[in-house]
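Q: Please take a close look at the salt bridges here. Say what they join, and what surrounds them.

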Amino acid sequence: MQTYTIRKDEIPKLVEALKEEYEVFGPMPKRTSYVFAPVTDPTKMNLDYDSTIMSPKKYYLPSSQTLMEVSLKNATIEDTVKDILDQKPKILFGVHSCDINGINFLNRVFDGKYDDPYFQAYKEITTVIGLNCLEPCKYGFCRAVNKNFVLDGYDLFLTEISDTHYYVHVGSPRGDRILTIAHEFFKEAKEEDGAAFTAALHKKHENLPVALHIDNIHETLDLAWDDAIWDELGEKCMNCGSCALVCPTCYCFDVQDEVDLSISKAERVRKWDTCLFYDFALVAGNHNFREDPPARLKYRFYHKFRGAIHDQGEIACTGCGRCIDACPAGISIKDVLFRLQEYWAASPTPQGGL
Ligand code: SF4
Ligand code: SF4
């Protein structure tokens with residue numbers, strides 16, 4: 001496979017060139033953190049960012065999205081898939097491996113188990129330029145869940161190989177398209193660039209912490225069904241839902257029909273929802289399948305690390321650490337997993353599971 005290099009100081013010019021054909025989003029500073037946002041000034045995009053407040057999930061599954069517009073006056077119904085496809089193509093610039101894995105997970109949901117034309121339309125118009133993490137971020141534990149690398153889901157992928165250059169892998173024809181329209185910025189990689197890339201991967205291997213591998217977490221959760229930890233955490237959890245909202249793999253939504261006061265038009269809207277909210281499992285007759293906070297928190301863990309393996313073939317966590325940063329109650333998914341795994345791995349008498 002042909003690989004390339006690009007000078008770091010050429011990135012702003014590359015972004016400017018790409019903006020003629022694409023709407024470019026990337027990690028932009030926001031107060032003390034970063035957000036994926038339109039790159040209005042390419043010199044402000046910071047590829048040395050550690051993490052962003054929200055994941056790039058919002059570009060595939062917006063927090064509030066009109067699915068269908070209904071004109072009651074003209075008796076017409078129009079879905080919004082074409083509106084998405086008519087948008088200017090997007091580039092997500094500088095997406096870390098954890099977040100590319102998050103998009104790949106959503107793909108297993110919305111273009112796998114389910115056939116969601118809205119997600120698929122966003123996928124159709126979006127190009128992903130990935131960025132290797134060579135240093136750990138504050139809360140992440142991607143390596144513990146094997147999400148610190150990507151095999152697919154990117155169009156171009158950058159790895160820092162020196163203070164001045166990135167090494168560039170091409171992952172798709174969409175990546176080739178960028179090389180074609182902005183060829184002046186990319187140089188064919190030489191043998192020494194390949195050696196620098198290998199050295200960068202070694203550095204990454206040394207730098208990213210792996211206190212514990214949680215490959216067999218589903219078995220641990222089988223054993224831990226009645227563990228006291230769920231009540232303990234449930235007491236602390238405020239069911240605010242922040243953990244799910246910032247998460248790159250949480251995909252649950254609610255669908256509401258909103259009728260205009262004039263009663264001449266209506267919209268079907270889907271909005272992010274989460275199993276942490278009281279009314280998520282509330283059904284007719286005022287019955288709630290998960291009435292108590294511990295049951296809701298426990299459900300989130302079991303869906304992510306047990307149910308998702310059945311449904312999507314892998315856990316629904318990329319170890320990005322955002323939920324740890326966002327939780328006002330100080331609940332750390334990493335600490336919970338590590339604690340459970342250490343305890344049950346050491347337990348001489350398993351008490352649950354099949
Ligand atoms: S559960 Fe937490 S650490 Fe895992 S992907 Fe979601 S936000 Fe990131
Ligand atoms: S962010 Fe923390 S307090 Fe809020 S719902 Fe999630 S675990 Fe509970």
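A: A salt bridge here is a side-chain nitrogen of Lys or Arg within 4 Å of a carboxyl oxygen of Asp or Glu. Side chains of opposite charge can pair when their charged atoms come close. The model is predicted, so local features need pLDDT of at least 70 and side-chain atom pairs count only at pLDDT 80 or more, while totals for chains, interfaces and linings use all residues. Residues are numbered from 1 along each chain as written, chains are lettered from A and ligands numbered from 1 in the order written, and side-chain values use heavy atoms, without hydrogens or water.

Over the whole structure, the search gives 17 salt bridges. Take E160 and K8. Their side chains pair at 2.4 Å, N to O. E160 sits in strand β8 (residues 156-160), whereas K8 is in the loop between β1 and α1 (11-18). The pair therefore ties together parts that are 152 residues apart in sequence. Helices and strands are DSSP runs numbered from the N terminus: H or I of at least four residues, or E of at least two. E160 has a relative accessible area of 24%, so it is partly exposed. The cut-offs: buried is under 20%, exposed is over 50%, partly exposed is in between (1.4 Å probe, protein chains only).

Next come D222 and R306. They form a salt bridge of 2.7 Å, N to O. Helix α7 (residues 217-223) holds D222, and helix α10 holds R306. These are distant parts of the chain, 84 residues apart. The two ends differ in exposure. D222 is partly exposed, because its relative accessible area is 24%. R306 counts as buried, because its relative accessibility is 19%.

A further pair is E232 with R339, whose closest N and O atoms are 2.7 Å apart. E232 belongs to helix α8 and R339 to helix α12 (residues 333-346). This link spans 107 residues. E232 is partly exposed at 33% relative accessibility. R339 is partly exposed at 41%. Some bridges share partners: R108, K147 and E314 are joined in one network that way.

Now the interface. The protein is divided into domain 1 (4-207) and domain 2 (217-346), with bounds from an automatic or database domain assignment. Their C-alpha centres are 26 Å apart. Domain 1 brings 42 residues to the contact and domain 2 brings 39. Contact means heavy atoms within 4.5 Å. Between them the domains bury about 3,500 Å², with 59% of it on carbon and sulfur atoms. Buried area is the accessible area (1.4 Å probe) that two parts lose on being put together, summed over both. F105, Y139 and F141 give 20% of the area that domain 1 buries against domain 2, more than any other three residues.

Charge plays across this boundary too: five salt bridges are counted between domain 1 and domain 2. The R108 and E314 side chains meet in a salt bridge at 3.4 Å, N to O. On the side of domain 1 that touches domain 2, β4 (64-71), α3 (97-110) and α4 (117-125) each supply at least two residues. α3 gives the largest share of that side, with nine residues.

Back to helix α10, home of R306. It runs over residues 293-312 and also holds K298. K298 is buried, because its relative accessible area is 14%. Beyond neighbours within four places in sequence, K298 contacts W225 and W230. K298 and W230 are 68 residues apart in sequence, yet their C-alpha atoms lie 6.0 Å apart.

Helix α8, which carries E232, leads to another local feature. N239 lies in the loop between α8 (229-236) and α9 (242-246). Most residues other than glycine have a negative phi. N239 has a positive phi, near 55 degrees. Its relative accessible area is 13%, so N239 is buried. I263 also has a positive phi, near 55 degrees. I263 sits in the loop between β11 (253-259) and β12 (265-272). I263 counts as exposed, because its relative accessibility is 60%.

Finally, T126 lies in strand β7 (residues 126-131). T126 is buried at 1% relative accessibility. Leaving out residues up to four places away in sequence, T126 touches Y60, K90, L92, D155 and R174.
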